[in-house]
Amino acid sequence: MMSETYRIGLGNNNNSLREKANSDFVSFWDEQAKHLSWFSPWDKTLDWSPPFAKWFVGGTINASYNALDIHQSEKSTKSAILWEGENGESRNVTYGEMFTLVQKFANVLKSLGVQKDDRVTIYLPMVPELIVSMLACARIGAIHTVIFSGFSATSIKDRVSDSKSKIIITADGGYRRGKIVKLKDVIDDAIKDIDFVEHVVVLERTKNKITMNPKDNLWNDLMNNISELCSAEALPSDHPLYILYTSGTTGKPKGVLHGTGGYLTHLHSTFKWAFDIKDSDVFFCTADIGWVTGHSYVAYAPFLHGATQVMYEGAPDFPDASRMWDILQKYKVTIFYTTPTALRMFMKFGDEIPNSFDLSNLRLLGSVGEPINPEVWKWYFKTIGKEKCPIIDTWWQTETGGMLISPLPGLESIPLKPGSGTLPIPGVDISVVDEIGKDVPVNTKGYLVIKNPWPGMLLTLWNDDEKYKTVYWSKYENCYYPGDYARKDEDGYLWLLGRADDVLKVAGHRIGTAELESCIVSHPSVAESAVCGIPDEVKGEVIIAFVVLKQGVEQNSKILEKEIIDKIRNNIGSIATPKQIYFVSKLPKTRSGKIMRRLLKAIGNNEKIGDVSTLEDGAAVTEVQQVFDELKTSIKNNLE
Ligand code: WTA
C-alpha cells in the first residue's frame, strides 16, 4: 500500500534522542524531566509495579510554579494569553499579571477553606479565569476537576458527587453563538441536593441576571483585598493534579486521574518536539479546556515554555465562516492546532474565505481528536499552510495525558503521509496486535497497544483502581490497551483507524454508547435501546439510536422522540443528541444477548448485511437476517 509522502521539515534533526530513548526509556525520561524546575530531586526515576507507574519518586515539584514563577525574571511583560471573546472583546494577559491573579486566587481558595488534596470543580467558559483557577488549585495542591461548559446539570451532579468537590467555580454565563449560556443556573440546579458543596465562586462574565444563594460569592468581591503573595507548595511528583471525567464503555464516566511530575515532563517534551516552540511564536489551540487537549496544550504546556497563546471563547464559525482566519490574521498566529471536524467544516465553506486573509505567519499546523481524512489533510496543507507548514497529526487520549504518536518537526524531519500520525514519540513502544496479542503483519488492521509506561500516563481512575486495571490492562498482559484500531505500514508509520470499543467520537468528543443507552432506557416508555455511530461528512461520526418501546406504548410518536431527546440533553448534554431515532420492535442480538452494533451500523448506512456467518458468538444466520430485514422495513416506514 503505497501512499503519498510530503517532505517538509523545519531543518531539525536530532536522531540521537530517539536512539537514546529506544535503548533505555527510563534514563531518557530522567534526562527530559531535568528541563523542569524541581524543589527537590527524585531518588528513583520510575517505580513500575504494573499497571501502576510512579515517575520521579521522591522528587517535589509544583505545576503552577513551572507555569508562572520561573518566567517572572525575563517574561513578566510577555503576553501569556491573547484572549478573544466571542462578542469581539479582547484582553492581553501578561505572565506578570497571570502570576498575580493566580496567587491571589490561590489565597481566595485558601480563605474558603480549600486544602491540599481537596477537589475543586470548575465550570467556566473559555476565559482567562479558567486557567487562573486551574493554576491556583495546582499552586496549593488542590485537585481540579474541570467540566465542559456544554454538560448538563445531571452530568455535573454526577461528577461533583463522585469527586466530592467542596467548592465550585462558575460564571454567570458565557457566550456561544451570540447567546448567553447560563452556567450559574445549571450549577444551581446541579447542586441543589448536594450538602457537601460549601462555596460557589461566581465570575461575572456576561452580567446577566443571576440568583445569589447563601453559598455564592462573587469572584471580584473575593479578589478584592486579598494578598498578592502565595508561594507554591512543594508537592510529591505523583501528587494528583486533576481529575478529568471521560466516557468509556460502561454506563458511568470515568474519573481519569493525572499526577504532576510525570505529566509535566510529558507535556514539556512533546510541546517542544511536536510544535517546535520558540519564544517568538504565537500558539493557538482551538480546543475547549473542558476536554483533555485544552488541559494539556492550553492550560499547561504553553505555560511551561513561557509561550504566548491565543484563547478564543466562542464558536469557530460565529458570527460567520471567517472568524477563525480573522483571529489567525489578527494575532499573527504561527502555530495552529485544531480538529478534523473543524477543518472539514472550514473546507466546506470554500477556499475563498481563508484566501482572503493573511495567514503568512503560520509555520506549523496540527490536528487532534479523530482520524484526519487524507483529502482534508491536503486541503489544510495547501489552502491554510500554503505548502510550507508541516502538519502534525497527533494521536493521544485523556488517559495518556499527552501526545503519543505524532510527527515531531521540532526534533526531526521525516516525510509526512496525509492521514498517518507517523511514529510514536521517543521512549514509547507501540505495536499493532491481533486478538491474542501477536503483532499483525504490515498493513493489517489490528489493535493498538502500548508496551511500556510513559510519564504522562494516568495514575489510575479516581477511587477505582480495579476498573483502571480491567479497562486498560486486562485485554493484554502488561500492555496498555487504548481501545483503538490501527495499522502499521511498510515504513513503520501508524495509521489510526477509529475506536475498537463501544465509544463514539462525535465531532471529536468521546461519547460512551452505554452511557447514552442507559439514559434512553431511563425513559418510562422505553424497553431497550442501542446506539451507534454512522459516518458524517463534517462531524466524522453522528449518533443514531434504535429504540424498542414497552408493550402497549404507541410507536413512532413525535412527542416520545422529543421527550427522549430532552432527556439526553438534560442528563448528558446536547453533544450526545442523536441525529435520528428509529423506533423498532427488536434489536439484532447474538445468542448470548450482545447487541450487534456492526449490523446496526450497516442498517444506518443503508449497507448490505455482509457476511453473517462470521458474526460473533454463533448468532443464528437466519434469525439475524430476519431482524435485519425487519429493521430495514421499519426504518423505511419511520422515515416515510
Ligand atoms: C481518538 C483526545 C485518530 C482515538 C486527545 C482516541 C484520534 C480518542 C486522534 C481519545 C488522531 C485522538 N487520529 N484518532 N490524531 N487523536 N483520537 O480522550 O480514538 O477525547 O482513543 O482525547 O480520540 O479521545 P480523548
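Which residue in β7 is the bridge partner of I122? The partner is V146. The model that shows this pairing is predicted. Its pLDDT averages 93 over the protein, and 95% of the residues score at least 70. The points below begin with the annotated domain and strand β6, then turn to single residues, unusual backbone angles and the later part of the chain.

**Annotated domain**
- An unreviewed UniProt entry lists residues 77-454 under "domain: AMP-dependent synthetase/ligase".
- Helix makes up 31% of the chain over residues 77-454, and strand makes up 22%.
- The C-alpha atoms at the two ends of this stretch are 35 Å apart.

**Strand β6 and its partners**
- Strand β6 covers residues 119-123, and 5 of its 5 residues are buried.
- In a regular strand, side chains alternate between the two faces of the sheet.
- On one side of β6 are R119, T121 and Y123, on the other V120 and I122, and all of these residues are buried.
- Strand β7, residues 143-146, runs parallel to β6 and is joined to it by 4 bridges.
- Between β6 and β7 the chain passes through helix α6, residues 128-140, in a right-handed β-α-β crossover.
- Strand β8, residues 167-171, is also parallel to β6, and 4 bridges join the two.
- In this second pairing, V120 of β6 stands opposite I167 in β8.

**Q103 in helix α5**
- Helix α5 spans residues 95-111 and contains Q103.
- Q103 has a relative accessible area of 5%, which is under the 20% cut-off, so this residue counts as buried.
- Setting aside residues up to four places away in sequence, Q103 touches R139, S227, E228, L229 and C230.
- One of these contacts, R139, belongs to the residue range of helix α6, 128-140.

**Cis peptide bonds**
- Most peptide bonds are trans, and most residues other than glycine have a negative phi.
- The bond from P50 to P51 is cis, with omega near 0 degrees.
- P51 sits in the loop that links β1 (44-49) and β2 (52-57).
- A cis bond with omega near 0 degrees is also found from F318 to P319.
- P319 is placed in the loop between β17 (308-312) and α12 (323-330).

**Positive phi in loops**
- R177 is not a glycine, yet its phi is positive, at about 55 degrees.
- The loop between β9 (174-176) and β10 (179-181) holds R177.
- R177 has a relative accessible area of 42% and is therefore classed as partly exposed, a class that lies between 20% and 50%.
- N225 is another residue other than glycine with a positive phi, near 55 degrees.
- The position of N225 is in the loop between α9 (219-223) and β13 (235-236).
- N225 counts as exposed because its relative accessibility is 85%, over the 50% cut-off.

**C479 and its surroundings**
- C479 lies in the loop between α16 (465-473) and β24 (484-488).
- With a relative accessible area of 12%, C479 is buried.
- Not counting neighbours within four places in sequence, C479 is in contact with V449, I450, K451, Y472 and W473.
- Among these, Y472 and W473 fall in the residue range of α16, 465-473.
- C479 and G437 are 42 residues apart along the chain, and their C-alpha atoms are separated by 9.2 Å.

**Hairpin of β26 and β27**
- Strands β26 (residues 503-506) and β27 (residues 509-512) pair in the antiparallel sense over 4 bridges.
- V506 stands opposite H509, a residue of β27.
- There are 2 residues between the strands of this hairpin, and A507 takes a positive phi near 50 degrees.

**Helix α19 and the low-confidence stretch**
- Helix α19, residues 597-604, has R597, L599, L600, A602 and I603 as its buried residues.
- N606, just after α19, has a positive phi of about 60 degrees.
- Over residues 613-620 the pLDDT stays under 50.
- For residues 613-620, the model has 15 contacts beyond four places in sequence.

How values were computed: Residues are numbered from 1 along each chain as its sequence is written. This is a predicted model: local features need pLDDT of at least 70, side-chain atom pairs count only at pLDDT 80 or more; totals for chains, interfaces and linings use all residues. Side-chain values use heavy atoms; hydrogens and water are left out. UniProt positions are given in the numbering used here, feature names are shortened, and annotations may be inferred rather than shown by experiment. Buried means under 20% relative accessible area, exposed over 50%, partly exposed in between (1.4 Å probe, protein chains only). Two strands pair if DSSP finds at least two bridges between them. A crossover is right-handed if, with the strands pointing away from the viewer, the path from the first strand over the helix to the second runs clockwise. Contact means heavy atoms within 4.5 Å. pLDDT is the predictor's confidence in each residue, from 0 to 100.
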